[in-house]
Number of protein chains: 2
Amino acid sequence: MSKSTITINDIARELNVAPSTVSRALNNSPRISEATKERIREKAMEIGYDLNMVASSLSRQRTNIIGVIIPFINNHFFSLVVSGIEDLAVKSGFRIIIAQTYDSVVKEEEALKMFSSARVDGIIACLSVETRDISHFKRIKKVGIPIVLFDRVSFDIDCPKVLVDNYDGAFQAVSHLIKGGCERIAYLGGPSNCRIFDERAKGYKDAVKKNGLQLLPGYSFSTDLSERDVHEAMKLWLGKYKAPDAIFTSTGNQGLMVTKLAIDAGFKIPDDLSIISFGDSPSHEYIVPSLSAIEMPGYDIGRSSMEFIENEIDGKKGDSRTIIKPILLVIRSSSFR
Amino acid sequence: MSKSTITINDIARELNVAPSTVSRALNNSPRISEATKERIREKAMEIGYDLNMVASSLSRQRTNIIGVIIPFINNHFFSLVVSGIEDLAVKSGFRIIIAQTYDSVVKEEEALKMFSSARVDGIIACLSVETRDISHFKRIKKVGIPIVLFDRVSFDIDCPKVLVDNYDGAFQAVSHLIKGGCERIAYLGGPSNCRIFDERAKGYKDAVKKNGLQLLPGYSFSTDLSERDVHEAMKLWLGKYKAPDAIFTSTGNQGLMVTKLAIDAGFKIPDDLSIISFGDSPSHEYIVPSLSAIEMPGYDIGRSSMEFIENEIDGKKGDSRTIIKPILLVIRSSSFR
DNA sequence: TTAATTTGAGCAAGCGTTTGCACAATATTT
DNA sequence: AAATATTGTGCAAACGCTTGCTCAAATTAA
């Protein structure tokens with residue numbers, strides 16, 4: 001309670017040395033002899049000294065904090081990314097502070113403001129699905145805070161980017177369906193302002209065409225990722241005279257929803273309808289039938305993002321400033337035959 | 001890049017006032033006239049001033065940061081708690097910084113050290129499942145950082161606690177099974193050093209007895225929450241001459257695992273075997289049959305924890321320092337008849 | 001032995017805000 | 001009109017740590 005916090009000055013006084021010496025000793029400066037270093041370390045231990053990071057940050061002009069911006073914390077993929085970032089961060093003596101945007105640009109801007117005020121050393125972010133204009137990021141960059149974007153990135157800003165091969169993932173998913181005999185493949189997409197969904201759509205289209213099939217009218221449906229839109233698409237498709245024999249969804253959640261709806265509508269999966277989603281989750285294993293998916297290497301993306309940001313902070317701009325991670329096709333029962 | 005960061009001194013110089021006046025104006029002190037406040041605010045806006053929180057924190061001896069410790073970020077319940085904390089936190093001008101323990105005491109201690117160094121104003125924590133001794137928390141408390149514990153709490157420390165009614169939840173779950181006609185109910189528990197599991201076990205036992213049934217030998221199984229232990233319990237139970245006709249699991253994950261295993265073993269759910277778990281998750285809705293559960297009010301727990309910590313920080317020790325949240329019985333197909 | 005280095009430590013000025021106290025300039029009271 | 005209270009600002013000292021310089025002592029070189 002009354003333990004008026006202990007500072008390096010207390011150590012200095014007790015040992016009859018200067019505070020600067022204490023500071024240097026504790027920071028293991030080569031300019032202090034091993035002997036006094038030891039004395040100082042001991043005394044620090046003894047009286048329970050604890051470095052005040054706030055003061056240190058102010059003095060050093062460096063907080064050793066990385067700000068992380070993600071849409072949702074409660075999301076399989078994003079929490080993997082966070083783990084990847086965190087693991088590397090602690091190794092390098094960084095702390096991370098997370099902000100959720102709930103996919104809202106406003107929250108995204110607030111997060112950025114907060115990070116800037118907090119003087120984080122760098123920011124790792126996945127754009128909200130709403131985000132079109134990214135001038136708020138440019139502003140941050142201009143004041144000197146390095147930025148790394150992952151997954152939902154923008155090419156309108158010069159910074160390292162870590163992304164997955166959306167095109168290839170979609171291509172593989174659809175090719176897999178076609179190999180299984182599907183011919184009428186529908187695509188449930190996302191908002192078109194978001195690049196990753198464009199790429200997934202392109203992969204879908206190319207896969208259909210390159211495999212000698214037709215792109216059917218009305219079989220590609222853009223959504224805002226809401227449940228409502230998924231319902232609408234499904235009503236449209238399942239009510240058709242000739243319903244699709246496969247659906248490829250642009251997110252893992254959509255895959256789960258679609259599966260539920262199809263089953264409720266009396267479809268047998270995968271016999272009547274095959275399903276595969278871009279993005280995996282634990283629920284994919286529990287749903288019956290288990291749901292095939294394109295798995296994204298979240299942990300790995302987190303690590304690479306952290307590596308990038310560290311280099312940016314150190315001023316070592318590496319050569320390849322955007323890295324594309326391979327995806328993994330996970331075949332489960334929903335697309336098996 | 002070269003934008004040498006803008007300070008209140010810059011504003012002061014340009015406006016020919018003292019830095020202290022600028023500070024007061026920006027903090028809306030009543031001691032500054034509306035006129036000069038306005039001039040200062042305008043100039044601040046104009047030259048893009050951004051309060052340096054680090055300096056402010058050092059001066060004020062207050063960071064306005066709350067440290068949050070949870071076992072896993074990627075967990076339905078915990079992320080709800082975090083959302084609850086965060087929503088209230090931003091409203092009160094607090095930032096939160098999250099640390100995952102991955103259910104390891106060592107990580108828990110590290111997190112505490114980091115928070116202490118960062119001079120967080122308060123800590124909200126859910127103990128790791130490994131944690132027995134909590135002297136690391138006591139140490140933190142002694143240096144003056146208030147603590148609030150939730151869910152997995154210890155009564156060996158004097159601080160506000162937010163928990164769910166584990167006893168009642170277990171009691172309700174088991175009573176529900178019995179009402180449905182189950183007579184041989186097994187309980188899959190957790191580590192016994194963890195109070196919440198004891199309470200759940202107690203609720204289970206009392207429900208069985210108060211409903212006129214017998215506690216069957218070998219029907220209560222303690223685990224360390226590992227997959228291995230779940231397998232072992234299931235092998236034991238399902239191999240019995242008379243297998244249980246219902247299983248109540250102490251965590252949501254166990255419920256999911258148990259369901260999978262039972263189905264794989266050829267059991268019809270809920271006809272041969274009813275299942276209900278303490279703890280809900282999205283997968284509970286997707287698994288077939290959908291899984292009944294005791295739902296814990298995570299968001300609400302987060303809010304209450306944040307309220308508590310704010311009061312602690314303000315030095316207003318409220319009266320009721322531990323609050324028990326009611327649970328909700330969610331009946332789905334796995335226990336329906 | 002003297003001069004040139006090296007080594008170890010201290011001084012003091014920051015880092016950007018906040019805040020108790022002092023103090024003019026007004027406004028209010030006798 | 002003089003005395004008192006009020007208002008609006010400024011001064012300067014923190015907050016706790018870091019770091020460029022300076023400098024004495026110890027070491028080495030000449």
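Two strands are taken as paired here if DSSP finds at least two bridges between them, and with that settled I can begin with chain B of what is, I should say at once, a predicted model.

Strand 4 of chain B, residues 147-150, and strand 5 of chain B, residues 161-164, pair in the parallel sense, and they do so over 2 bridges. If you look for B:Phe150, you will find that its bridge partner in strand 5 of chain B is B:Val162. This pair belongs to an open sheet of 6 strands in chain B, whose order is 2-1-3-4-5-11 and whose pairing is parallel. Strand 2 (95-100) and strand 11 (322-325) of chain B each have a single partner strand, so they stand at the edges and one side of each is left without a neighbour in the sheet. On average, and with direction ignored, neighbouring strands of this sheet are turned by 15° against each other. Helix 7 of chain B, residues 135-142, lies across strand 3 (122-125) and strand 4 of chain B, and its direction is at about 150° to that of strand 4 of chain B.

Let me move to chain A, and to its strand 1. Strand 1 of chain A, residues 65-70, runs parallel to strand 2 of chain A, residues 95-100, and 6 bridges join the two. Within that pairing, A:Ile69 stands opposite A:Ala99 of strand 2 of chain A. In a regular strand the side chains alternate between the two faces of the sheet. In strand 1 of chain A, one direction is taken by A:Ile65, A:Gly67 and A:Ile69 and the other by A:Ile66, A:Val68 and A:Ile70, and all of them are buried. Because 6 of the 6 residues of strand 1 of chain A are buried, this strand is largely enclosed by the rest of the structure.

Staying with chain A, I would point you to A:His136, which has its place in helix 7 of chain A, residues 135-142. Is A:His136 buried or exposed? With a relative accessibility of 4%, A:His136 counts as buried. The side chain of A:His136 is joined to that of A:Glu108 by a polar contact of 2.9 Å, and, leaving aside residues up to four places away in sequence, A:His136 touches A:Val105, A:Glu108, A:Glu109, A:Leu112 and A:Thr131.

A:Gly212 sits in the loop between helix 9 (195-210) and strand 7 (220-221) of chain A, and with a relative accessible area of 63% this glycine is exposed. A:Gly212 and A:Ile178 are 34 residues apart in sequence, and their C-alpha atoms are 9.8 Å apart in space.

A brief word on the cysteines. How many disulfides are there over all chains? The count comes to 0, with a disulfide taken as a pair of cysteine sulfur atoms within 2.5 Å. B:Cys194, for instance, is in no disulfide, and the nearest cysteine sulfur, that of B:Cys126, is 7.7 Å away. B:Cys194 counts as buried at 8% relative accessibility, and A:Cys182 counts as buried at 3%.

That brings me to the DNA, and I will take strand D before strand C. DNA strand D is surrounded by 28 residues, and the closest are A:Tyr49, A:Ser59, B:Thr21, B:Arg31 and B:Thr36. Of the atoms of DNA strand D that come within 4 Å of the protein, sugar and phosphate account for 57%. Phosphate oxygens of DNA strand D lie 3.3 Å from an N or O atom in the side chain of A:Ser56 and 3.0 Å from a polar side-chain atom of B:Thr36, whereas B:Ser20 places a polar side-chain atom 3.1 Å from a base nitrogen. Which element gives the largest share of the surface near DNA strand D? That is helix 4 of chain A, with 4 residues.

For DNA strand C, 30 residues surround the strand, the closest being A:Thr21, A:Arg31, A:Thr36, B:Arg24 and B:Tyr49, and sugar and phosphate account for 53% of its atoms that come within 4 Å of the protein. A backbone N or O atom of A:Ser33 lies 3.0 Å from a phosphate oxygen of DNA strand C, one of B:Ala55 lies 3.5 Å from a base nitrogen, and a polar side-chain atom of B:Ser59 lies 2.6 Å from a sugar or linking oxygen. Here the largest share of the nearby surface, 4 residues, comes from helix 4 of chain B.

Definitions and conventions. Residues are numbered from 1 along each chain as its sequence is written. Chains are lettered from A and ligands numbered from 1 in the order in which they are written. This is a predicted model: local features need pLDDT of at least 70, side-chain atom pairs count only at pLDDT 80 or more; totals for chains, interfaces and linings use all residues. Side-chain values use heavy atoms; hydrogens and water are left out. Axes are lines fitted to C-alpha atoms, for helices over the stretch in contact, and angles run from 0 to 180 degrees between N-to-C directions. Contact means heavy atoms within 4.5 Å. Buried means under 20% relative accessible area, exposed over 50%, partly exposed in between (1.4 Å probe, protein chains only). A residue is near a molecule or strand if one of its heavy atoms lies within 4 Å of it. A polar contact is a pair of N or O atoms within 3.5 Å; within protein, one must be able to donate a hydrogen and the other to accept it, and residues adjacent in sequence count only if both atoms are side-chain atoms.
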